[in-house]
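Visitor: I'd like a close look at a single part of this model: the place where protein and DNA meet. Could you walk me through that part and then show me what sits behind it?

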Protein chains: 2
Amino acid sequence: MQLPNTLRKFQLKSTPCRTEVLQLFFDNDHALSNAFIEKNISSSFDRVTVYRTLKSFEEKGLIHKVLDDNGITKYALCQDCSTHHHHHEHVHFKCETCGQTTCIESVDIPEVKLPKGYKVKERNLLIQGVCEQCI
Amino acid sequence: MQLPNTLRKFQLKSTPCRTEVLQLFFDNDHALSNAFIEKNISSSFDRVTVYRTLKSFEEKGLIHKVLDDNGITKYALCQDCSTHHHHHEHVHFKCETCGQTTCIESVDIPEVKLPKGYKVKERNLLIQGVCEQCI
DNA sequence: CTGTGTGCAAACACTTTGCAGGTGT
DNA sequence: ACACCTGCAAAGTGTTTGCACACAG
């Protein structure tokens, strides 16, 4: 019963697809791609529906895009978006072996001093390497 | 005469396409995408040839991939690859207005302490905002 | 001469758009 | 009841592959 509540909190209608996608986000502690969701979702939804689900989740601030080194888009839950007003400036780690990207919530992106004239809006730090499980 | 020399230095045969692509990298101080090269190259080469040119440049260490927030791949010259053995851990800045991604060579990525168990291989810091010209 | 670069056609992968019909509130 | 979510088909965009020919060293 938590899923529909969360959806409602973000002004999203509660539907089967949305509930199951959200469930996946809760069950996995790494960033999810459209392809991953298609493969791992219990019911089968249209590829397009999943794309649209992710897009509306993002628009409402429930998830955020996570940078990836290859071209595919991944999303992760905004842990504290509701409280901290879109704070997701933590480090992301991508394992070269298993391909999973995890949010390292405990590590903030350090302050960076840019030359004059740059107006900073968003910062993304992606670290690549091998994760605990794959070593 | 500098272009063929550079190519030779990286064990790349000197051809018209390669020379002109390399020229573009020298003329522009921002990261280049395949599309940009196609549009701005003087002679006209096949889209595929440009892809392959970029790929071989990267393999030989002449250019490196630059992260981008949307899916398209961009490359930039490895300024010191020859001397510092693949050192391109500087900050990248992408302007939301003009879309250009520039390497901020002067700013290194600060040290980050990850939790135990992560083996770090590569680090990418992408800062988004508005650049000097677009403010 | 030989390995490799190039062009063309086609395939592939990921994502978006349009529209008709179904569903949540 | 109405807005909006969903599925299907199709198109769009970025990238890769296969093959025959051309070219640099």
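Guide: Here is a walk along the DNA-facing surface, one strand at a time, followed by the protein parts around it. Keep in mind that this is a predicted model.

Let's start with DNA strand C. It has 18 residues around it, and those that come nearest are Tyr51(A), Thr73(A), Thr15(B), Thr49(B) and Arg52(B). So which parts of that strand face the protein? Among its atoms within 4 Å of the protein, 64% belong to sugar or phosphate, and the rest belong to bases.

You can see both kinds of contact if you zoom in on side chains. On the backbone side, Thr15(B) has a side-chain N or O atom 2.7 Å from a phosphate oxygen of DNA strand C. Arg18(B) puts a polar side-chain atom 2.8 Å from a sugar or linking oxygen of that strand. For a base contact, turn to the other chain: an N or O atom in the side chain of Arg52(A) is 3.2 Å from a base oxygen of DNA strand C.

Now zoom out to the elements that carry these residues. Three helices each supply at least two residues of the surface near DNA strand C: α4 of chain A, residues 47-60, plus α2 and α4 of chain B. The largest share, five residues, comes from α4(A). Sorted by class, this surface has seven charged, six nonpolar and five polar residues.

Over to DNA strand D. Here 19 residues surround the strand, and the closest are Thr15(A), Arg18(A), Thr49(A), Arg52(A) and Thr73(B). Of the strand D atoms within 4 Å of the protein, 63% are sugar or phosphate atoms and the rest are base atoms.

Thr49(A) is a good one to click on: a polar atom of its side chain lies 2.7 Å from a phosphate oxygen of DNA strand D. Then look at the arginines. Arg52(A) has a side-chain N or O atom 2.6 Å from a base oxygen of DNA strand D, and Arg52(B) has one 3.2 Å from a base oxygen of that strand. The elements giving two or more residues to this surface are α2 (16-27) and α4 of chain A, together with α4 of chain B. It's α4(B) that gives the most, with five residues. By class, the count near DNA strand D is eight charged, six nonpolar and five polar.

What lies behind those helices in chain B? There, three strands form an open antiparallel sheet in the order β1-β3-β2. Its edge strands are β1 (32-33) and β2 (63-66), each pairing on one side only. Two bridges join β1(B) to β3(B), residues 74-77, and Ser33(B) has Lys74(B) as its bridge partner in β3(B). Helix α4(B), residues 47-60, packs on this sheet and touches β2 and β3, with its direction at about 110 degrees to that of β2(B). Helix α2(B), residues 16-27, lies across β1, β2 and β3 and runs at about 75 degrees to β3(B).

Last, step back to chain A as a whole. It has five helices and six strands, in the pattern α-α-β-α-α-β-β-α-β-β-β along the sequence. Its radius of gyration is 16 Å, close to the 14 Å that the globule rule gives for 135 residues, so chain A is as compact as a globular protein of that length. Its C-alpha atoms fill a box of roughly 50 × 35 × 25 Å along the principal axes.

Definitions and conventions
Residues numbered from 1 in each chain as written. Chains lettered and ligands numbered in written order. Predicted model: local features only at pLDDT ≥ 70, side-chain atom pairs only at ≥ 80, totals over all residues. Heavy atoms only, no water. Pairing = 2+ DSSP bridges. Helix = DSSP H or I, 4+ residues; strand = E, 2+ residues; numbered from the N terminus. Contact = heavy atoms within 4.5 Å. Axes fitted to C-alpha atoms, helices over the stretch in contact; angles between N-to-C directions. Near = heavy atom within 4 Å. Polar contact = N/O pair within 3.5 Å; in protein donor to acceptor, adjacent residues only side chain to side chain. Nonpolar A, V, L, I, M, F, W, Y, C, P; charged D, E, K, R; others polar. Rg over C-alpha atoms; globule rule 2.2 N^0.38 Å.
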